[in-house]
Amino acid sequence: MPPGTAKSLQFQRGGNFAAGLPGRELLTPDQCRWLAQAADRYTGTRREGPHRARALVYLCLNHYLWARHHEDDILRPGQITAMRLTGRHQEQHRTTWDVPQKNAASDATRLQPVHHDAVRAIDEYLPHRATTRDDTGHVFTTVNGRPLEPQSLIRILRTVAATHPDLEEVAPVLSADAVTHSPPAQPVA
């Protein structure tokens with residue numbers, strides 16, 4: 001594999017493809033906090049309200065909200081947009097969701113713990129969720145009621161990030177994978 005290719009960068013960075021590409025630097029813990037703040041303050045556009053954007057940002061920051069960086073806490077963009085309404089499970093105080101497994105059979109899923117702040121954001125979004133006659137049951141839909149595509153998640157993240165003065169520089173090149181792989185703040189000892 002020639003040096004400088006995406007595959008060689010992925011190999012050099014221990015498999016973190018998002019961090020290996022130019023312009024795909026991971027966010028710092030402060031930048032993750034600012035992104036959450038931007039989502040909380042985001043007023044949306046005339047056509048799209050803020051509820052869906054906030055829920056999507058919080059799911060991208062799921063590992064940050066848990067204050068740990070374990071593979072089990074990371075939700076990838078394709079997993080977020082594939083979430084179904086019927087995949088939610090409440091287990092006492094913990095909420096999990098069936099999400100597709102990366103690099104597995106199309107029907108393979110795993111239970112993903114979802115932070116209570118992200119669950120609250122989803123619950124605030126659901127009454128505003130657009131539907132169609134042939135509703136597929138996806139949690140996140142477009143304004144026309146179709147399932148949201150992972151590419152739309154990137155656009156939404158960039159739009160929300162651009163509203164925070166400390167994220168204006170990174171907003172145009174922000175990737176959902178870079179957000180989901182960014183390290184959380186270290187717990188204070």
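Is R120 buried, partly exposed or exposed? At 42% relative accessibility, R120 counts as partly exposed (buried is under 20% relative accessible area, exposed over 50%, partly exposed in between; 1.4 Å probe, protein chains only). This is a predicted model, in which local features need pLDDT of at least 70 and side-chain atom pairs count only at pLDDT 80 or more, while totals for chains, interfaces and linings use all residues. Residues are numbered from 1 along each chain as its sequence is written, and side-chain values use heavy atoms, leaving out hydrogens and water.

**Helix packing**

- Helix α4 (residues 50-60) packs against helix α7 (residues 116-125) at about 160°, with axes 8 Å apart; helices are DSSP runs of H or I, at least four residues, numbered from the N terminus.
- The two are therefore roughly antiparallel (an angle over 145 degrees).
- In the contact (heavy atoms within 4.5 Å), H51, R52, R54, A55, Y58 and L59 of α4 meet D117, A118, A121, I122, E124 and Y125 of α7.

**Salt bridges**

- There are nine salt bridges, each a side-chain nitrogen of Lys or Arg within 4 Å of a carboxyl oxygen of Asp or Glu.
- E124 and R54 form one at 3.1 Å, N to O; E124 lies in α7 and R54 in α4, so the pair ties together parts 70 residues apart in sequence.
- R54 is buried at 19% relative accessibility, whereas E124 is partly exposed at 36%.
- Within α7, D117 and R120 sit three residues apart, about one turn of the helix, and their closest N and O atoms are 3.1 Å apart in a salt bridge.
- D135 pairs with R129 in a salt bridge at 2.8 Å between the closest N and O atoms; R129 is buried at 11% relative accessibility.

Key: Axes are lines fitted to C-alpha atoms, for helices over the stretch in contact, and angles run from 0 to 180 degrees between N-to-C directions. Angles under 35 degrees count as roughly parallel, over 145 as roughly antiparallel, 65 to 115 as roughly perpendicular and the rest as oblique.
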